[in-house]
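User: I am new to reading protein models, and I would like to learn how to describe one feature at a time. Could you guide me through this example?

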Amino acid sequence: MGELFDFSPKLAELDKQTMEECAPYFGEASRIADINRRKVLEAFIKNRVGAAMFGGSTGYGFGDVGRDVLDRVFADIVGAEDAVCRPHLLSGTHALTVALFGILRPGDLLVSAVGEPYDTLRTVILSNGTGSLADFKIDYAECPLKDNAVDLSKLAELSRRAKAVLVQRSKGYSMRGALGQREMREIFETIKTANSDAIILVDNCYGEFCDASEPCAYGADLIAGSLIKNAGGAVAPCGGYIAGKKELVELCAGRMTAPGTGRELGCVPNGTRELFLGLYFAPTVTEQAVCSSIYASRLFEKLGKRVFPLYGEPRNDIVTVVELDSERQLCEFCRAIQACSPVDSFAVPEPWDMPGYDCRVIMAAGAFTNGSSIELSCDAPLKMPYRVYIQGGVHLTYSRLAFLSAAKLFM
Ligand SMILES: *Cc1c(COP(=O)(O)O)cnc(C)c1O
């Protein structure tokens, strides 16, 4: 033991330089995390979170106080009137699906503000005969990116007829920058000026706690995301959330369970303790993921790779993209990260035909929670340009060790 992380003097020096160069940006992440930690603690105290409410419920789950207080705590933290935050929202895709079906009706138009939405949502919106929005006669229009940014004049035009506009905060698998507060305010204002009735729904996945406020605090009507990403603090075993205007959250809650029962229904057999604990850790864990991301950008850039974003550029999500040279290098990179994971380090990732992709994908996912991407993980579609998407990391040191091991491939 010990040898695994004995790096060459050259690599150790590279690590030291990278840490020094990243320090100011780590400082900014820590400043944001402090603001968020303060909000979290305030919300816990104000809503009188108590040990007696962690116990959970069975059957219908009527009157589960822990579940109901978690909703309140979550709403306060993100600056929303109301929220549902629970294991019954299965993932980000499910939370967004519930939100879309909650607010849209046949004949309505949905507009995507940032070009193509996240892969899994395409199926939700467009696929034929599977119960998609299209099957329910909900129209859809995309506002294509212009110069890799949101086309505001086109967006204004499309928003006029829109019932709802979907705004994806994170870059996802695109090469535009993740949206910051200034850009989102501009987008929201454009939409509301064109049509004050349009509902602004933000796909908030990967964005939570990367900034000092969440989009519903500055104009989004609804936000939705996953608890196995930032907002679950790497502790929540599953779940998702929808937060925003009270009447809209009510509509979504009616789709989440059944119209009429809405949020009152839904037991939490194993209790809410891990959901509260995850939320309590979320600003800190997101800070670590952001720092991991900044570090990866600088380290691999120093090793001659194209990276996105650069280490000094704004970080509005937790994803770093590194461009490698070949399919083989993508595989070797993912295997190196997997080998430095706390769980399943001995597994060797292989490319596979993942549903929803047009080519084979390889991923490293040595996580405590299945599919968690707030824990260090990466994935790469095996096609040109050879890009690996790296996200998560519950502590910078753990991530650094993995990145330095992968760096050996390029030295
Ligand atoms: C992860 C993600 C989703 C989907 O969330 P799942 O939890 O994987 O279902 C949607 N949008 C964005 C931007 C995401 O990053």
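User: In which loop does Tyr206 lie?

Analyst: Before the answer, a word on what is shown: this is a predicted model, in which local features need pLDDT of at least 70 and side-chain atom pairs count only at pLDDT 80 or more, while totals for chains, interfaces and linings use all residues. Residues are numbered from 1 along each chain as its sequence is written, and side-chain values use heavy atoms, with hydrogens and water left out. Helices (H or I, at least four residues) and strands (E, at least two) are DSSP runs, numbered from the N terminus. Tyr206 is located in the loop between β5 (199-203) and β6 (222-226).

User: Is Tyr206 buried or exposed?

Analyst: Buried means under 20% relative accessible area, exposed means over 50%, and partly exposed is in between, with a 1.4 Å probe and protein chains only. Tyr206 counts as buried because its relative accessibility is 7%. The backbone of Tyr206 also deserves a look, since its phi is near 75 degrees, a positive value in a residue other than glycine.

User: Which other residue has a positive phi although it is not a glycine?

Analyst: Asn148 does, with a phi of about 65 degrees. Asn148 is placed in the loop between β3 (139-142) and α5 (152-159), and its relative accessible area of 44% makes it partly exposed.

User: Which residues are around the ligand?

Analyst: A residue is near a molecule if one of its heavy atoms lies within 4 Å of it. Around the ligand are Ser91, Gly92, Thr93, Tyr118, Gln168, Asp203, Cys205, Tyr206, Ser226 and Lys229, so the buried loop residue Tyr206 returns here. For classes, Ala, Val, Leu, Ile, Met, Phe, Trp, Tyr, Cys and Pro count as nonpolar, Asp, Glu, Lys and Arg as charged, and the others, Gly among them, as polar. Sorted in this way, the shell holds three nonpolar, five polar and two charged residues.

User: What polar contacts does the ligand make, and how much of it does the protein bury?

Analyst: A polar contact is a pair of N or O atoms within 3.5 Å; within protein, one must be able to donate a hydrogen and the other to accept it, and residues adjacent in sequence count only if both atoms are side-chain atoms. Among the contacts, an oxygen atom of the ligand is 2.8 Å from a polar backbone atom of Gly92, an oxygen is 2.6 Å from an N or O atom in the Thr93 side chain, and a polar side-chain atom of Lys229 is 2.9 Å from a ligand oxygen. The ligand taken alone exposes 380 Å², and the protein buries 90% of that, where accessible areas come from the Shrake-Rupley method with a 1.4 Å probe and, for residues, only the protein chains shown count as cover.

User: Where are the cis peptide bonds that you would point out?

Analyst: One is the bond from Phe308 to Pro309, with omega near -10 degrees, and Pro309 belongs to the loop between β8 (306-308) and β9 (319-323). Another is the bond from Met384 to Pro385, with omega near -20 degrees, and Pro385 is in the loop between β11 (377-381) and β12 (387-391).

User: With which side chain does that of Thr320 make a polar contact?

Analyst: The partner is the side chain of Ser293, at 2.6 Å. Thr320 is part of strand β9 and is buried, with a relative accessible area of 1%.
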